Amino acid sequence: MTEVLSTPLDGAAGAGELAPLTRRVLAHSVDLLSDEDVQLTLYVMYELFYRGFEGVDDDWEWAPEVLGARRLIESALEQHLSERVDVPEEIAPERGAVAEALFALTAPSPGPSVARYVAKRASQEQLRELLVQRSVYQLKEADPHTWAIPRLVGRPKSALVEIQADEYGGGDPERMHCELFARTMRGAALDAEYGAYIEQVPAVTLAGVNVMSLFGLHRRWRGATAGHLAAFEMTSSLPNRLYGDGFRRHGFDQGTTEYFDEHVEADAVHEQIAGRDLAGALVQQEPELLHDVLFGAATCLYLDEVVGEHLLTAWDAGVSSLRTA
Amino acid sequence: MTASDRPADRRPGRTPSIVACPDGPILVRGDVTITDDTGQPIPRRRSTVALCRCGASAIKPYCDGTHKAIGFTAP
């Protein structure tokens, strides 16, 4: 895949091979979410729609051969998720009922979690790993959901814009959440350059970001984008307090923990807007999107669990959660 | 940089609105100054803020989501 994209689009040899090659890789894949080849390939295909790659012809973004191969992976991924993600049933397609169902789905639960581990036990090295893992999304924080804005109308649209405007710093580039995260990375002596750690990040982490792009780039998944964002915001404030505690425990300064502190406050606002005025109001407007909204939310939680399990399993075993090969 | 220097706050004031969220915080939008009991303005970093209603937030007067952890129900 990367070999094909490193050549200019005009007369590229091998582009026609992408679909058959992808079919073969998918046929042999044991677990799509932890398959490095599949997730990295999909990540690269999606990244063409965000910032592209230095040395890669921008025309690949809409090249039919790439889109065809991407569709194969997306179909397999959609099927994989629909077979595993539990979606709440018998929810009334009404604004209040949907918001209530989303808050119930995302209610804080006791027991082991990455946030609790970070607050109490994580070493400095593990804190850095956490930032590297999160950097794949957080350095483009909010971007995947922003794709949905032109696909919504009325209240859900203005709700999404209200949330995203805050994510992008309310007009202040220094307050953009991606910029606050970059500052946190620099405070922890990490490289905050976009994409710097892609090759060290395991497939499950890429899968979490890929699913956001899958939902965001397809109009038919606008309901899932709304639900995903709602679940993301609803599971953010309390964990971010704990992440901040973990960094404070190791003596990191306020500039480094500001990203987490900002999210404690911001996401307590966003979750209210996302639950009722975005996801709830969207279902009220388009009742046939009820399942997609709940599927998007449940998928967010499912992937968060898969990534969390990966991190805690590695850390409990005293090994790195990053790719070592 | 103070809150009033921020680009978002130089827009003409929007009519205030207050939303009481079910079993949750109070959302405040628009041209409102939030002060402590001596009249000192409390920094406001965003155009829509959530005020704590359960009393358990660690960042009062703002909400930090704790109402969900304590099972707060609004009267």
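Is B:D23 buried, exposed or partly exposed, judged by the other C-beta atoms within 10 Å? Keep that residue in mind while the tour works its way towards it, and remember throughout that what is on the screen is a predicted model.

**Chain A as a whole**

Begin by selecting chain A and showing it as a cartoon, where the secondary structure comes to 15 helices and zero strands. The radius of gyration of this chain is 19 Å, close to the 20 Å that the globule rule gives for 325 residues, so chain A is as compact as a globular protein of that length. If you turn the chain along its principal axes, the C-alpha trace spans about 50 × 45 × 40 Å. Colouring by burial would mark 47% of the 325 residues of chain A as buried. Among the contacts in chain A with a separation of 6 or more, 81% are made by residues 24 or more positions apart.

**The two domains of chain A**

Next, colour residues 2–84 of chain A as domain 1 and residues 95–316 as domain 2, which is how the chain is divided. The C-alpha centres of these two domains of chain A lie 25 Å apart. Where they touch, 16 residues of domain 1 of chain A are in contact with 15 residues of domain 2 of chain A. On the domain 1 side of this contact, select helix 3 (36–47) and helix 4 (64–84) of chain A, each of which supplies at least two residues. Helix 3 of chain A gives the most to that side, with six residues. By character, the residues on the domain 1 side divide into nine nonpolar, two polar and five charged.

**A stop at A:A142**

Staying in chain A, centre the view on A:A142, which you will find in the loop between helix 7 (124–138) and helix 8 (143–146). Most residues other than glycine have a negative phi. A:A142, although it is not a glycine, has a positive phi of about 85 degrees. With 18 C-beta neighbours inside 10 Å, A:A142 counts as partly exposed.

**The sheet of chain B**

Now move to chain B and select its strands, three of which form an open sheet in the order 1-2-3 with antiparallel pairing. The edges of this sheet are strand 1 (17–20) and strand 3 (48–51) of chain B, each of which pairs on one side only. Neighbouring strands of the sheet are turned by 20 degrees against each other on average, with direction ignored.

To look at the pairing residue by residue, show strand 1 of chain B together with strand 2 (residues 26–29) of chain B, which are antiparallel and joined by four bridges. Towards one end you can pick out B:A20, whose bridge partner in strand 2 of chain B is B:I26, and you can then pick B:S17, whose bridge partner in strand 2 of chain B is B:R29. On the other side of strand 2, the pairing with strand 3 of chain B is again antiparallel and runs over four bridges, and here B:V28 stands opposite B:V49 in strand 3 of chain B.

**Two loops of chain B**

The opening question can now be answered by selecting B:D23 in the loop between strand 1 and strand 2 of chain B. B:D23 is partly exposed, with 15 other C-beta atoms within 10 Å. The hairpin formed by these two strands has five residues between them, and B:D23 takes a positive phi near 50 degrees there, although B:D23 is not a glycine.

From there, go on to the loop between strand 3 and helix 1 (66–69) of chain B, where B:P61 lies. The peptide bond joining B:K60 and B:P61 is cis, with omega at about 10 degrees.

**Where the chains meet**

Finally, show both chains and select the residues in contact, of which 16 come from chain A and 20 from chain B. On the chain A side, helix 9 (154–167), helix 13 (237–249) and helix 14 each supply at least two residues, and helix 14 of chain A gives the most, with six residues. The residues on the chain A side divide into seven nonpolar, four polar and five charged. To end the tour, isolate helix 14 (residues 254–285) of chain A, which lies across strand 2 and strand 3 of chain B and runs at about 100 degrees to strand 3 of chain B.

Key: Residues numbered from 1 in each chain as written. Chains lettered and ligands numbered in written order. Predicted model: local features only at pLDDT ≥ 70, side-chain atom pairs only at ≥ 80, totals over all residues. Pairing = 2+ DSSP bridges. Axes fitted to C-alpha atoms, helices over the stretch in contact; angles between N-to-C directions. Contact = placed C-beta atoms within 7 Å. Rg over C-alpha atoms; globule rule 2.2 N^0.38 Å. Buried ≥ 20, exposed ≤ 12 C-beta atoms within 10 Å, placed from the backbone. Nonpolar A, V, L, I, M, F, W, Y, C, P; charged D, E, K, R; others polar. Domains from an automatic or database assignment.
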